[in-house]
Amino acid sequence: MVLQLIGLGQDVDYKKHIAPILSSKCNSCHTAKKKESDKKPKAGLALDTPTGIRSGGVLDPGDASSSELYIRVSLPKNADDLMPPSDDGGPLSTKEVALIKKW
């Protein structure tokens, strides 16, 4: 999926823009288990696969305000539910949040 990112002069593409953000900032806690001995992702949320991202209301295409992913990454910096937490590589930059919002 490619969308025009207004103000940043580029298209938003999952593989080029979103996957790297999720990989570097989210997947240490939210990765689908690869084998039986692996731990389950936090909150049962796997962000390393398109299916995981779309499940459970995490992403509502075309409606960022209803997407749990966008809501959590765009909370105020001192919010308890901000993702990713500061000790896990967060918060996301303004540009990263804008990319997720447009995607």
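Here are three short exercises on the structure above, each with a worked solution.

The model is predicted, so local features need pLDDT of at least 70 and side-chain atom pairs pLDDT 80 or more, while totals for chains, interfaces and linings use all residues. Residues are numbered from 1 along each chain as its sequence is written, and side-chain values use heavy atoms, with hydrogens and water left out.

**Exercise 1.** Work out which pattern the helices and strands of the protein chain follow along the sequence.

*Solution.* Start with the elements, taken as DSSP runs numbered from the N terminus (helices: H or I, at least four residues; strands: E, at least two). The protein chain has two strands and four helices. Reading along the sequence then gives β-β-α-α-α-α.

**Exercise 2.** Find which residues of helix α4 are buried.

*Solution.* Apply the cut-offs for relative accessible area: buried is under 20%, exposed over 50%, partly exposed in between (1.4 Å probe, protein chains only). Within α4 (residues 94-102), the buried ones are E96, V97, L99 and I100. Their arc around the axis is only 160 degrees, so they sit on the same side of α4.

**Exercise 3.** Locate the two salt bridges.

*Solution.* Look for a side-chain nitrogen of Lys or Arg within 4 Å of a carboxyl oxygen of Asp or Glu. One pair is K25 and E96, with closest N and O atoms 3.3 Å apart. K25 belongs to helix α1 (residues 14-25) and E96 to α4, so this bridge ties together parts 71 residues apart in sequence. Both K25 and E96 are buried. Next, E68 and R72 pair at 2.8 Å, N to O. Both lie in helix α3 (residues 68-73), four residues apart, about one turn. E68 is partly exposed at 33%, and R72 is partly exposed at 28%.

Key
Arc of directions from axis to C-beta.
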